[in-house]
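Q: I am new to this structure and would like to learn how to read it. Could we go through it together, feature by feature?

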Amino acid sequence: HQQSFINKKRVASDECIYQEEQIKNITQKAFQTARLRNKKLCSVDKANVLATSKLWRDIVNEISVDYPDITLNHMLVDNCAMQLVLNPH
């Protein structure tokens with residue numbers, strides 16, 4: 001998060017860049033870890049707003065085909081935060 005001033009007015013910008021290979025590596029590791037645990041994976045993102053999250057969700061869905069034994073679901077980060085507050089277990 002970066003905030004600065006242009007013409008004495010406050011401005012802010014955010015930049016988030018992911019390469020497909022980075023997302024694939026993390027996602028494959030997450031699925032492999034899920035196999036060792038309860039065979040469930042919850043992908044948390046902000047796909048309703050962020051282009052990077054849309055890319056994450058697309059790649060996670062593509063990779064999920066290689067892990068048919070894992071139950072995948074997606075959750076928006078706002079809802080995830082609420083669920084953690086409501087049920088921290």
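A: Happily! Let us start with a word we will need all along: helices and strands are DSSP runs, numbered from the N terminus. Please also keep in mind that this is a predicted model. With that naming, Met82 has its place in helix H3, which covers residues 77–86.

Q: How does one read the exposure of a residue, and what does Met82 count as?
A: Buried means under 20% relative accessible area, exposed means over 50%, and partly exposed is in between. Met82 has a relative accessibility of 44%, so this residue counts as partly exposed.

Q: Which residues form a nonpolar patch on the surface?
A: The patch is formed by Met82, Val85 and Leu86. Together these three have about 330 Å² of accessible area.

Q: Let us turn to pockets. What is the volume of the largest pocket?
A: A pocket is an open set of grid points with protein on both sides. In this model, the volume of the largest pocket is about 210 Å³.

Q: Which residues line the largest pocket?
A: Among them are Asp14, Glu15, Cys16 and Tyr18, and further along the chain Ser43, Val44, Asp45, Trp56 and Arg57. By class, the lining holds five nonpolar, three polar and four charged residues.

Q: Which elements each supply at least two residues of that lining?
A: Strand E3 (40–45) and helix H2 (51–64) do so. H2 gives the most, with four residues.

Q: Could we look at one lining residue more carefully? Where does Val44 lie?
A: Val44 lies in strand E3. Its relative accessibility is 38%, so Val44 counts as partly exposed. We can also compare distance along the chain with distance in space: Val44 and Ser13 are 31 residues apart in sequence and 22 Å apart in space, C-alpha to C-alpha.

Q: And for another pair, how far apart are Ala30 and Lys40 in sequence and in space?
A: They are 10 residues apart in sequence and 9.8 Å apart in space, again C-alpha to C-alpha. Ala30 has its place in helix H1 and is partly exposed, with a relative accessible area of 24%.

Q: Now for salt bridges. How many are there?
A: The idea is a side-chain nitrogen of Lys or Arg within 4 Å of a carboxyl oxygen of Asp or Glu. By this rule the count comes to six salt bridges.

Q: With which residue does Asp69 form a salt bridge where the closest N and O atoms are 2.9 Å apart?
A: That partner is Arg35. Asp69 lies in the loop between H2 and strand E4 (71–76), while Arg35 lies in helix H1 (residues 20–36), so the pair ties together parts that are 34 residues apart in sequence. As for exposure, Asp69 is partly exposed at 31% relative accessible area, and Arg35 is partly exposed at 35%.

Q: What do the side chains of Asp69 and Lys39 meet in?
A: They meet in a salt bridge, at 3.9 Å from N to O. Lys39 lies in the loop between H1 and E3 and Asp69 in the loop between H2 and E4, so this pair ties together parts that are 30 residues apart in sequence.

Q: Which residue forms a salt bridge with Lys46?
A: Asp78 does, and the closest N and O atoms are 2.9 Å apart. Lys46 lies in the loop between E3 and H2 and Asp78 in helix H3, so the pair ties together parts that are 32 residues apart in sequence. Salt bridges can also share partners: in this way Glu20, Glu21 and Lys24 are joined into one network.

Q: Finally, how do I read the backbone angle phi, and what is the phi of Lys8 near?
A: Most residues other than glycine have a negative phi. Lys8 has a positive value, near 65°. Lys8 has its place in the loop between strand E1 (2–6) and strand E2 (9–13), and it is exposed, with a relative accessible area of 81%.

Q: What phi does Lys39 have?
A: Lys39 has a positive phi of about 60°, although it is not a glycine. Lys39 is found in the loop between H1 and E3, and is partly exposed, with a relative accessible area of 36%.

Methods: Residues are numbered from 1 along each chain as its sequence is written. This is a predicted model: local features need pLDDT of at least 70, side-chain atom pairs count only at pLDDT 80 or more; totals for chains, interfaces and linings use all residues. Side-chain values use heavy atoms; hydrogens and water are left out. Patches are made of residues with over 30% relative accessible area and no salt bridge: like charges are joined within 9 Å, nonpolar side chains (Val, Leu, Ile, Met, Phe, Trp, Tyr) within 5 Å. Accessible areas come from the Shrake-Rupley method with a 1.4 Å probe; for residues, only the protein chains shown count as cover. Buried means under 20% relative accessible area, exposed over 50%, partly exposed in between (1.4 Å probe, protein chains only). On a 1 Å grid over the protein atoms alone, a cavity is a set of points where a 1.4 Å probe fits but cannot get out, and a pocket is an open set with protein on both sides within 12 Å along at least five of seven lines; lining residues have an atom within 4 Å of a point. Grid points are joined across faces, edges and corners, and a volume is the space filled by probe spheres set on the points. Ala, Val, Leu, Ile, Met, Phe, Trp, Tyr, Cys and Pro count as nonpolar, Asp, Glu, Lys and Arg as charged, and the others, Gly among them, as polar.
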